[in-house]
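Please open the model in your viewer and keep the selection tool at hand. The tour below goes from the whole chain to single parts, one selection at a time.

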Amino acid sequence: MIDIRRFVRFPPDMPSGQNRIRAVFDRLMDAFGPQGWWPAETPFETMVGAILTQNTAWTNVERAMGALTAAGALEARTMLEMPDAELETLIRSAGTFRVKARRLKAFLAYYVVRYDADVSRMRDVPTGRLRKELLSVNGIGPETADCILLYALERPSFVVDAYTRRVFGRLGLLDARLDYHDMQRRFQAALPANAAVYNEYHALIVALGKRVCLPAPRCGACVLNTVCETGGQDDPV
């Protein structure tokens, strides 16, 4: 397997905070190894999953994706033309299923009308313009748009999520209250503009957040303990 770290090239005079972002990447890679994200078979499945995973665990999304597949419905036009109640039933396990059904339909209408349900046509559009289009779709915010760009379309658009804020806020590297785009810019300034690097780094942050850097953190088991401002406290929060 390719060591993604060979793609990471930092100038020797980088600010200390950016060097620490690199050090975190190295430690997480050593601890968890390549993550191989996103867990989907096709770019379209990734896009659907990015919408369904809003505010829910991936295990719930997997059940919803399984139900769509079993019904022969995991296809853009099929889902778009499906009665709302039927789609809501199929994705019920993903939570807030009525809201997510509306958001899926809004995205599917955009995908079918604008791109004829052809992901290769989306790939012909510059990243900045495509991101603006995605953000104009009802129910797609910055995190979902960047998940689609990064994981479905392999564009270097770093994903900031709740795990990112929690981990890097506790590390003392970034203020967890930063605006989404400010935090994204900090990462993109510290990393080469490489989709594979962004993919692995975000996936590694999620791995740490799900296993160790929990709301009640397991600091004693964390590979970042010695470089973490919170991990050195007797009563971390």
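Two residues are said to be in contact when heavy atoms of theirs lie within 4.5 Å. Among the contacts in the protein chain that join residues at least 6 apart in sequence, 62% link residues that are at least 24 apart. Please keep in mind throughout that this is a predicted model.

Begin with the whole chain, coloured by secondary structure, where you should find twelve helices and zero strands. The protein chain has 237 residues, and buried residues make up 47% of them.

Next, select residues 43–52, which form helix α2, and notice that this helix is mostly covered, since nine of its ten residues are buried. Among these buried residues are Phe 44, Glu 45, Thr 46 and Leu 52. If you then show the surroundings, the parts that cover the buried residues of α2 include α3 (58–70), α4 (76–81), α6, α7 (119–122) and α9 (142–152).

Stay with Leu 52 for a moment and display its contacts: leaving aside its neighbours within four places in sequence, Leu 52 touches Val 61, Ala 64, Met 65, Leu 68, Ile 91, Ala 94, Lys 100 and Leu 104.

Leu 52 also leads to the largest nonpolar core, which has 77 residues, and in which Leu 52, Leu 68, Phe 107, Leu 134, Phe 168 and Tyr 201 touch the most other members. Now select residues 97–115, helix α6, which gives the most to this core, with nine residues.

Move on to helix α12, residues 195–211. How far apart are the end C-alpha atoms of this helix? At 1.5 Å a residue its 17 residues should span 24 Å, and the end C-alpha atoms are indeed 24 Å apart, so the expected and computed spans agree. Because 14 of the 17 residues of α12 are buried, this helix is largely enclosed by the rest of the structure; here, buried means under 20% relative accessible area. At the start of α12, zoom in on Asn 194, where a side-chain oxygen reaches to within 2.8 Å of the backbone nitrogen of Ala 196.

Finally, switch on a display of internal cavities, of which the structure holds one of 30 Å³ or more. The largest cavity contains about 100 Å³ of space. It is lined by 14 residues, and the closest to its centre are Arg 170, Cys 213, Cys 219, Cys 222 and Cys 228. As a last selection, take residues 162–171, helix α10, which supplies the largest share of that lining, three residues.

How values were computed
Residues are numbered from 1 along each chain as its sequence is written. This is a predicted model: local features need pLDDT of at least 70, side-chain atom pairs count only at pLDDT 80 or more; totals for chains, interfaces and linings use all residues. Side-chain values use heavy atoms; hydrogens and water are left out. Helices (H or I, at least four residues) and strands (E, at least two) are DSSP runs, numbered from the N terminus. The expected span of a helix is 1.5 Å times one less than its number of residues. Buried means under 20% relative accessible area, exposed over 50%, partly exposed in between (1.4 Å probe, protein chains only). A polar contact is a pair of N or O atoms within 3.5 Å; within protein, one must be able to donate a hydrogen and the other to accept it, and residues adjacent in sequence count only if both atoms are side-chain atoms. A nonpolar core is a set of buried Ala, Val, Leu, Ile, Met, Phe, Trp, Tyr and Cys residues joined through side-chain atoms within 4.5 Å. On a 1 Å grid over the protein atoms alone, a cavity is a set of points where a 1.4 Å probe fits but cannot get out, and a pocket is an open set with protein on both sides within 12 Å along at least five of seven lines; lining residues have an atom within 4 Å of a point. Grid points are joined across faces, edges and corners, and a volume is the space filled by probe spheres set on the points.
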